[in-house]
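The following paragraphs lead the reader through a protein structure, from its sheet to its helices and then to its inner spaces. Please keep the sequence and the structure in view while reading.

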Amino acid sequence: MVFGQVVIGPPGSGKTTYCNGMSQFLKLIGRKVAVINLDPANDSLPYECAINIEDLIKLSDVMTEHSLGPNGGLVYCMDYLEKNIDWLQSKLEPLLKDHYLLFDFPGQVELFFLHSNAKNVVMKLIKKLNLRLTAVHLVDAHLCSDPAKYISALILSLSTMLHLELPHINVLSKIDLIESYGKLSFNLDFYTDVQDLSYLQHHLDQDPRSAKFRIRRVLGIL
């Protein structure tokens with residue numbers, strides 16, 4: 001039985017840095033680890049890559065050949081990977097005996113709560129290779145400094161968890177920088193434990209961006 005992590009999260013949340021740090025930690029405690037880069041837009045990898053999707057398909061080539069933007073190109077690449085899942089399976093099989101697996105996925109969030117291709121890739125690998133995978137969803141800690149963004153991150157995380165149907169762990173990344181974003185409205189455990197969100201109502205009402213929604217609530221529109 002092989003264990004691993006499906007590392008996901010919005011662009012810039014620190015997925016590649018997390019994979020690099022986690023792989024170093026696992027090596028230090030004596031575990032063999034293989035990092036699999038499934039982000040065709042990530043051409044600067046700080047870790048030793050066991051499998052790289054760019055050996056199968058490159059986002060830049062897709063965008064040029066099919067006149068797609070980066071979002072459409074990433075969807076195309078995931079579709080292509082799903083159709084060529086045997087390529088990935090053959091690359092993984094030599095690692096299954098004694099390696100822990102880290103899958104570094106793209107940051108396009110639509111892939112994990114809207115489209116089915118990334119989920120299909122994961123589910124096919126689980127079924128064919130008998131993998132035990134956990135989704136590690138990274139959330140940039142700076143979102144805790146903005147109640148509206150924090151709630152948006154919670155909704156995204158919940159949608160992703162329900163869509164992927166995997167064991168799911170949320171990780172606040174870049175926590176060492178959180179003090180630079182200003183004083184939080186509550187202690188950090190409020191955000192990590194996702195406590196009573198009604199406490200955020202006052203702060204949301206002070207946000208000028210939500211003024212139009214307050215007016216609609218008063219008028220009974222919402």
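In this predicted model, strand β1, which covers residues 2–8, pairs with strand β4, residues 99–104. The pairing is parallel and extends over four bridges. Within β1 and β4, the reader may locate one facing position: valine 6 stands opposite phenylalanine 103 of β4.

These two strands belong to a wider arrangement. Six strands form an open sheet in the order β3-β2-β4-β1-β5-β6, and their pairing is parallel. Which strands stand at the edges of the sheet? They are β3 (49–52) and β6 (168–173); each has a single partner strand, and therefore one side of each is left without a neighbour in the sheet. On average, neighbouring strands of the sheet are turned by 25° against each other, direction ignored.

Helices accompany this sheet. Helix α4, made of residues 85–92, packs on the sheet and touches β2 (32–37), β3 and β4. The direction of α4 makes about 165° with that of β3. Helix α7, residues 147–164, lies across β1, β5 (131–140) and β6. With respect to β5, helix α7 runs at about 165°.

Helix α7 also takes part in a contact between aromatic rings. A pair of aromatic rings is described by the distance of the centres and the angle of the planes. The count of aromatic pairs in the model comes to four. One of them joins tyrosine 150 and tyrosine 191 in an edge-to-face arrangement, with 5.0 Å from centre to centre and 85° between the planes. Because tyrosine 150 lies in helix α7 and tyrosine 191 in helix α8 (residues 188–192), this pair ties together parts that are 41 residues apart in sequence.

The path now turns to the largest pocket, which has a volume of about 260 Å³. Its lining consists of 15 residues, and those nearest the centre are Leu154, Ser157, Asn170, Tyr191 and Val194. Helix α7, strand β6 and helix α8 each supply at least two residues of this lining. Which element gives the largest share of the lining? It is α7, with six residues. By class, the lining of the pocket divides into eleven nonpolar, four polar and no charged residues.

A further space is enclosed. The structure holds one cavity of 30 Å³ or more, and about 40 Å³ of space lies in the largest cavity. Among the residues that line the largest cavity are Ile8, Gly9 and Pro10, together with Pro106, Gly107, Gln108 and Val109. Phe112, His137, Leu156 and Thr160 also belong to this lining. In the lining of the largest cavity there are six nonpolar and five polar residues, and no charged ones.

Notes:
Residues numbered from 1 in each chain as written. Predicted model: local features only at pLDDT ≥ 70, side-chain atom pairs only at ≥ 80, totals over all residues. Heavy atoms only, no water. 1 Å grid on protein atoms, 1.4 Å probe; cavity = no way out; pocket = protein on both sides within 12 Å on 5 of 7 lines; lining within 4 Å. Points joined across faces, edges and corners; volume = space filled by probe spheres on them. Nonpolar A, V, L, I, M, F, W, Y, C, P; charged D, E, K, R; others polar. Pairing = 2+ DSSP bridges. Axes fitted to C-alpha atoms, helices over the stretch in contact; angles between N-to-C directions. Contact = heavy atoms within 4.5 Å. Phe/Tyr/Trp six-rings, centres within 6.5 Å; stacked < 30°, edge-to-face > 60°.
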